[in-house]
Amino acid sequence: MTKIAVVVGSTREGRMTDKLAKWVAGEVGKESEVEVLDLRDYPMPFFDEPASPRYNPNRTPVPEVKKWLDKVGEFDGYVLVTPEYNRSTSAVLKNALDVLDYQMEQKPVALVAHGSTGGAQAVATLRVALPGVGAISIPQALFFSDGVGDAIDEAGVLKAELEAKPYGPAANLKAAVGALKWYADALKTARK
Ligand SMILES: Cc1cc2nc3c(=O)[nH]c(=O)nc-3n(C[C@H](O)[C@H](O)[C@H](O)COP(=O)(O)O)c2cc1C
């Protein structure tokens with residue numbers, strides 16, 4: 001079965017991104033094996049190694065980083081669920097990418113963002129960063145602009161009116177998740 005990780009890109013107290021990720025994981029889990037990776041469970045130092053991870057064959061990451069690397073390497077594809085902070089992705093999510101070496105190499109990533117402008121600039125910054133770790137950002141993305149706090153409940157269920165809205169967030173998520181699975185399966189076969 002296709003293995004997809006849904007990464008929660010905010011660790012702050014009172015965050016909303018975890019609710020958005022729960023809803024996303026529900027959709028991913030319909031056709032793939034899904035695991036939510038909460039960056040709160042992977043507290044890491046800001047990247048401070050003496051060399052770029054991809055150019056350091058003798059790399060000895062600290063245990064906190066090693067735990068994250070081993071986990072990320074398990075998956076065929078990823079959904080990065082990101083808030084927008086100051087027209088960018090969050091520092092904690094960018095750092096979680098900066099520590100990678102080849103764990104996401106030739107693997108697809110779907111982007112789900114939120115914020116007052118739907119997280120458009122967070123998506124843009126991630127699309128610029130992802131080639132640096134060898135990942136492929138798929139064309140489909142979700143810009144969630146309906147206010148996560150009101151739109152999604154604690155169980156990760158989207159409000160009925162948004163669920164039914166043509167071209168609304170549910171339809172966009174379905175399209176992005178379906179495309180991610182397609183790329184994940186195709187690239188998995190190609191990597192063999
Ligand atoms: C420091 C900070 C900067 C923000 N900058 C932006 C921004 O540039 N654009 C935007 O659309 N929303 C911005 N927001 C709103 C956040 O995207 C929104 O609060 C969202 O809920 C953050 O995700 P989180 O609750 O999971 O941390 C900002 C929020 C914070 C705390």
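Trainee: Which residues does E84 touch, not counting residues up to four places away in sequence?

Mentor: In this predicted model, E84 touches A113, G115, T117, G119, Q121 and A122. A contact requires C-beta atoms within 7 Å, so each of these residues meets that cut-off with E84.

Trainee: Where does E84 sit in the chain?

Mentor: E84 is in the loop between β3 (77–83) and α3 (91–98). V123 is 39 residues away from E84 in sequence, yet the two C-alpha atoms are 8.4 Å apart.

Trainee: What makes E84 count as buried?

Mentor: The cut-off is 20 or more other C-beta atoms within 10 Å. E84 has 23, so E84 is buried.

Trainee: Why is N86 called exposed?

Mentor: A residue is exposed if 12 or fewer other C-beta atoms lie within 10 Å of its own. N86 has 9 such neighbours, so N86 counts as exposed. N86 also lies in the loop between β3 and α3, and its C-alpha is 8.9 Å from that of Q121, 35 residues apart in sequence.

Trainee: How do you know that R87 is exposed and not partly exposed?

Mentor: R87 has 12 C-beta neighbours inside 10 Å. The class takes 12 or fewer, so R87 still falls in the exposed group. R87 is in the loop between β3 and α3 as well.

Trainee: What is there to say about phi of N86 and R87?

Mentor: Most residues other than glycine have a negative phi. N86 has a positive phi of about 50 degrees and is not a glycine. For R87, also not a glycine, phi is positive and near 65 degrees.

Trainee: What makes β1 and β2 a pair?

Mentor: Pairing needs at least two bridges. Six bridges join β1 (residues 3–8) to β2 (residues 33–38), so the two strands pair, and they run parallel. In this pairing V6 stands opposite V36.

Trainee: How do you know that β1 also pairs with β3?

Mentor: Five bridges join β1 to β3, and the requirement is at least two, so they pair; they run parallel. V7 of β1 stands opposite L80 in β3. On burial, five of the six residues of β1 are buried, so the strand is mostly covered.

Trainee: What joins β3 to β4?

Mentor: Six parallel bridges join β3 to β4 (residues 108–114). The bridge partner of V79 in β4 is A110.

Trainee: In what order do the strands of the sheet stand?

Mentor: Five strands form an open sheet in the order β2-β1-β3-β4-β5, with parallel pairing. β2 and β5 (136–144) each have a single partner strand, so one side of each is left without a neighbour in the sheet. Neighbouring strands are turned by 20 degrees against each other on average, direction ignored.

Trainee: Which strands does helix α4 touch?

Mentor: Helix α4 (residues 120–129) packs on the sheet and touches β3, β4 and β5. Its direction makes about 170 degrees with that of β5. Angles run from 0 to 180 degrees between N-to-C directions, so the value lies towards the antiparallel end of the scale.

Trainee: What makes up the right-handed β-α-β unit?

Mentor: β1, helix α1 (residues 17–28) and β2 make it up.

Trainee: Which residues come nearest to the ligand?

Mentor: Of the 14 residues around the ligand, S10, R15, T17, P83 and G115 come nearest. By class, the shell has three nonpolar, seven polar and four charged residues. G115 is also among the residues that E84 touches.

Note on methods. Residues numbered from 1 in each chain as written. Predicted model: local features only at pLDDT ≥ 70, side-chain atom pairs only at ≥ 80, totals over all residues. Near = placed C-beta within 6 Å. Nonpolar A, V, L, I, M, F, W, Y, C, P; charged D, E, K, R; others polar. Helix = DSSP H or I, 4+ residues; strand = E, 2+ residues; numbered from the N terminus. Contact = placed C-beta atoms within 7 Å. Right-handed = clockwise from strand over helix to strand, strands pointing away.
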